[in-house]
Amino acid sequence: MKNLNLLMIALILGVAAATSSCGGSSRSASSEESTTGSSAVTEEIAVVDPEAKSDSKGIGRFTSVEIGSVDKAMAEKGEAIFTSKCSACHKTSDEKIVGPGLKDVTLRRTPEWIMNMITNPEEMTKKDPVGKALFEKHLVQMTFQNVSDDETRQILEFLRQNDTK
């Protein structure tokens, strides 16, 4: 009987903890709030949809990327680089392999964000809100593939060409 009572108490406490921490709230209690019961100190958590369109330029050296119509020669070079360095983890469709499918990525992200993600993936997943959300969703850190700025721009053109099909 004593074991049954302990089991019931544990179950009630577990349900209470789960409902107080889940429930769709967009905030997290600080350690002071949880130990004192005071709500004076709280920490807000930003919720970012990794699939939503974002105007962020990301974090890295690319702050302004001029684009016009798709440069077919550059896109062709970008396809070769993508095939050798990116296709093990990404498809150009909606299909996820290890990382997300990249269909319409150029419609959701700025050219700067895409190029910063390619050349600075670790910092992007630690400091950029969209990068963080993608990391949380896919549970994998994108690996830096040692591409030059020119190669990164070529990959961008390939992705832009893919999104116009």
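Good morning. A residue is called buried when its relative accessible area is under 20%. By that criterion, 32% of the 165 residues in this chain are buried. I should state at the outset that the structure before you is a predicted model.

Let me begin with the overall architecture. The chain contains 8 helices and 2 strands. Read from the N terminus, its elements follow the order α-β-α-β-α-α-α-α-α-α. Of the contacts between residues at least 6 apart in sequence, 66% connect residues at least 24 apart. The exposed area of the chain is about 10,500 Å², and 56% of this comes from carbon and sulfur atoms.

I turn now to the largest pocket. The space within this pocket amounts to about 620 Å³. Its lining comprises 35 residues, and those nearest the centre are His90, Gly99, Pro100, Leu102 and Met142. Two or more lining residues come from each of the helices α3 (72-85), α4 (105-108), α5 (111-119), α7 (129-138) and α8 (149-163). In character, the lining consists of 19 nonpolar, 9 polar and 7 charged residues.

Finally, I would like to consider one residue, Lys137, which is located in helix α7. Is Lys137 buried, partly exposed or exposed? Its relative accessibility is 44%, and Lys137 is therefore classed as partly exposed, since that class lies between the 20% and 50% limits. Beyond its neighbours within four places in sequence, Lys137 makes contact with Pro50 and Glu51. Asp49 stands 88 residues from Lys137 along the chain, yet 9.5 Å separates their C-alpha atoms.

Thank you for your attention.

Key:
Residues numbered from 1 in each chain as written. Predicted model: local features only at pLDDT ≥ 70, side-chain atom pairs only at ≥ 80, totals over all residues. Heavy atoms only, no water. 1 Å grid on protein atoms, 1.4 Å probe; cavity = no way out; pocket = protein on both sides within 12 Å on 5 of 7 lines; lining within 4 Å. Points joined across faces, edges and corners; volume = space filled by probe spheres on them. Helix = DSSP H or I, 4+ residues; strand = E, 2+ residues; numbered from the N terminus. Nonpolar A, V, L, I, M, F, W, Y, C, P; charged D, E, K, R; others polar. Buried < 20%, exposed > 50% of the residue type's maximum accessible area, 1.4 Å probe, protein only. Contact = heavy atoms within 4.5 Å. Areas by Shrake-Rupley, 256 points an atom, 1.4 Å probe, with all protein chains shown as cover.
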